[in-house]
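I'm opening a fresh notebook page for this one. My plan is to look things up bit by bit and write down what I find.

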Amino acid sequence: MNRTTLSLIAAVTALAAVTGVASLTEGSSDDTAPAAKTATRLPVERSALVCPTPTSSDVATTTYTAFTPKVTGAQGAKKGTAALLPAQGSEDDGAQKDTQKDQKAQKGQAGTASKPVVSLKEPGKPVTAETDRSDAPALIGTADGPLAPGWTVQQTTTVAAGSGRGLLGTTCTAPDTDFWFPGTSTAKDRQDYVHLTNPDDRDAEVDLKLYGPNGRLKPSAEEEITVPGRSTVPVLLSTLTDVESLDATLRVSARSGRVGAAVQAVDQELGSDWLPASAEPSDSVVLPGIPADATSVRLVVFAPGSDDADLKVRLAGRSSSITPAGQESLHVKSGMTAWADLADVTKGEAGSLVLTPEGGEGRAAPVVAALRVTRGKGSSQETAFIPATTSIERTGTAADNRAKGSTLSLVAPNASAKVRVTASAGSGGGSPVSKTYDIKGGTTQAVEPPRPSSGRGGYALTVERISGGPVYASRMLALPQGGIPMFTIQPLPDDRGTVAVPAARQDLSLLNDGGQ
C-alpha cells in the first residue's frame, strides 16, 4: 500500500497545505491527464518491504539480493539507508498451526538489537547475503533517501530434497491491507501456508477467506488472525476449512494495521514455490512469461465483484496472438473460483496469457488470476506460479540473476512498444550493460538478458519502458539440479520509484512508505 506523508518545510507551506491550495497524487500513465500537465515526477524518499520466512528445511540455502537502480534526481550529497532486519516470532514448520494465544506469545521474542541481514550501500550496485539456517527469520526493512526509489529485494531458496524440494523465489513485498491469491489449494497433496508479516509496532488484525468453485469454503477454524507488531505468523490454509479444493482463491484483508502476505505452496510430487499476490481486480489482466517448454499450464481465475465475468483467452506468442484450441473463453461466476487446463499451450514457443472481456465493455467484470506452470515429466517435474501483474509504466526490476539461467519475457498485449533492459554491475564488480528491444503488439519476446561487463556475482535487471503501449514483464530463473528442472518466475510490476508532485507543492518533501 502506498502511504503518502507530507513533511512541511515552513509554517507558510504548512498553512498552504492545510487550506488545500493543491492536492498530491501518484500520477497516471496517461500523459494527457490534467494532473500530469502541472506535475513534476520526483523520486520517492522512503520505501518499506517485508520478506517471508524462507524455509524450515535443513537442506536449503537462501540468497537475498537487494538493489536500487540509479534514478535521476535521487542522487547528491544526501546518503540513504536500506536494510532488512529479522522479524520477531519467526517460526519453524512444526509450529505453523498456532492458536491466538500462541501468536500473542510470540511478541517480544527477538531482541531489540538485531543486526541487518542485508544492507544496501549505494544505488546501482546489488548486495547479496546467504544463509543455510533452517530457522532463518522473516525480514522487515525500510530504505530512504537515494536508496528508496525502486528498492527491490529478491529472496531465492534452493531446497535440495524432501517434500518441499524446489527453487522458491519471491520478490519481497510492500505492506498492504488487501491481497488476492488465486491458485491456492486445500487438497491433500498440497500444503499451502500464507505468511503474514507485520512491519509496524502495533498488532494487525487480519481476516482470511477462501473461495472454491462453488463459492466461499465453509470455515472450520477461526479466520481472524492477530499478527503481533514486527512479527510474522504462518497459517496452513487446510486448517481453515474441512473442504478439499484443488483450486481455491485466498483473500487476505487487514481490518487494522497492515501486513505483507505471500503464499508458500508445497506439492508432494511437483515441488514448491512462492505464489505472489495477483494484481488488483481488473476486467483485463496479463500473465507474462509462460516458458517455452511448459508441459502443463493451469489457469485459475476468481471474480470478486457482484457480476459474472466472461473472458476471452488469448496467448501472445513470439509472432502473434492466438486463441488456445478448446479454450477460447472462460465463464467465471461471481464469488467463485474457475479454472482451465491449458496443457502444453506454448508448444515450444514462450508466450503470455491475456484475458479480456468477451462481448464488449458492457459485460466486463473485474477478476484476479494466476497460472500454475509445470516443467519436466514423470518424477522430474517442477512447478512455479505466474500471477496477473501490472504494467511497467516507467521501470521494473528483478534483483537476483546469475551467470546462467535467466530468461526475461516482455509482452506488449496491445500496441507495439520499445524498452531498455539494463543489467546492473555485479555484486562482485563489473559495469552495467544495456540493450533495447522492440516488442510487436500482441506478442511476447523471451530473451536471454544482457549481463554485466566483466562482472562477478549476482546482478539486477531493470526494464525501462521507452515508448509505445503498455509493457508487462517477468523473469524466469532456472537452476536445474539432479535432473529436476528447478525454476521460479517473478513478475516485474512498475517499481513506483517516482511520484507526480503538482507544481504548487514541489516545496514539500515526499515520503513514500512502501512504494514498491
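**Entry 1: a cut-off before I start.** I'll call a residue buried under 20% relative accessible area, exposed over 50%, and partly exposed in between. I also remind myself that this is a predicted model.

**Entry 2: Arg496.** I looked up where Arg496 falls on that scale. Its relative accessible area is 38%, so Arg496 counts as partly exposed. I found Arg496 in the loop between β36 (487-491) and β37 (498-502). The backbone caught my eye here: Arg496 is not a glycine, yet its phi is positive, about 50°. As a background note to myself, most residues other than glycine have a negative phi.

**Entry 3: Ala343.** I then turned to another residue with a positive phi. Ala343, again not a glycine, has a phi near 55°. This one sits in a strand, β25 (residues 337-343). Is Ala343 buried or exposed? Neither, as it turns out: at a relative accessible area of 34%, Ala343 is partly exposed. I also checked what comes close to Ala343 from elsewhere in the chain. Arg298 is 45 residues away along the chain, but the two C-alpha atoms are separated by 7.1 Å.

**Entry 4: Arg298 and another arginine over a ring.** I stayed with Arg298 and followed its side chain. The charged end of Arg298 sits over the ring of Trp339, 4.0 Å from the ring's centre. I wrote down a second case too: the charged end of Arg375 sits over the ring of Phe487, at 4.9 Å from the centre.

**Entry 5: the largest cavity.** Arg298 came up once more when I went looking for enclosed spaces. How many cavities of 30 Å³ or more does the structure hold? I get three. The largest of these cavities has a volume of about 60 Å³. Its lining is made of Gly183, Arg190, Leu246, Asp247, Arg298, Val300, Ala370, Leu371, Arg372 and Phe385. Two elements give two or more residues to that lining, β21 (294-302) and β27 (368-377). The largest share comes from β27, with three residues. Sorted by class, I have five nonpolar residues, one polar and four charged around this cavity.

**Entry 6: the second largest pocket.** Next I moved from cavities to pockets. The second largest pocket has a volume of about 510 Å³. I noted 23 lining residues, and the ones nearest the centre are Pro69, Lys70, Val71, Thr395 and Thr462. Which strands each supply at least two residues of this lining? They are β31 (417-423) and β34 (459-468). β34 gives the most, three residues. By class, I wrote down six nonpolar, nine polar and eight charged residues for this lining.

**Entry 7: aromatic rings.** I searched for ring pairs and found three aromatic pairs in the structure. One is formed by Phe179 and Phe181, whose rings are stacked, with 6.3 Å centre to centre and 20° between the planes. I checked how covered these two are. Phe179 has 7% relative accessibility, so it counts as buried. Phe181 is buried as well, because its relative accessible area is 0%. I also found an aromatic cluster formed by Trp180, Tyr211 and Phe302.

**Entry 8: β5 and its partners.** I picked strand β5 (residues 82-86) to see what pairs with it. Strand β6 (residues 118-120) runs antiparallel to β5, and three bridges join them. Strand β8 (residues 139-144) also pairs with β5 in the antiparallel sense, over five bridges. I used Leu84 as my marker. On the β6 side, Leu84 stands opposite Val118, and in β8 its bridge partner is Gly141.

**Entry 9: Pro116.** To finish, I stepped off β6 into the loop between α3 (100-106) and β6, where Pro116 lies. How far is Pro116 from Pro86, C-alpha to C-alpha? I get 7.3 Å in space, although the two prolines are 30 residues apart in sequence. Pro116 has a relative accessible area of 43%, so I file it as partly exposed.

Key. Residues are numbered from 1 along each chain as its sequence is written. This is a predicted model: local features need pLDDT of at least 70, side-chain atom pairs count only at pLDDT 80 or more; totals for chains, interfaces and linings use all residues. Side-chain values use heavy atoms; hydrogens and water are left out. Two strands pair if DSSP finds at least two bridges between them. Helices (H or I, at least four residues) and strands (E, at least two) are DSSP runs, numbered from the N terminus. On a 1 Å grid over the protein atoms alone, a cavity is a set of points where a 1.4 Å probe fits but cannot get out, and a pocket is an open set with protein on both sides within 12 Å along at least five of seven lines; lining residues have an atom within 4 Å of a point. Grid points are joined across faces, edges and corners, and a volume is the space filled by probe spheres set on the points. Ala, Val, Leu, Ile, Met, Phe, Trp, Tyr, Cys and Pro count as nonpolar, Asp, Glu, Lys and Arg as charged, and the others, Gly among them, as polar. Rings of Phe, Tyr and Trp (its six-membered ring) pair if their centres lie within 6.5 Å; planes under 30 degrees apart count as stacked, over 60 as edge-to-face and the rest as tilted. Buried means under 20% relative accessible area, exposed over 50%, partly exposed in between (1.4 Å probe, protein chains only). A charge sits over a ring if NZ of Lys or CZ of Arg is within 6 Å of the ring centre and within 35 degrees of the ring normal.
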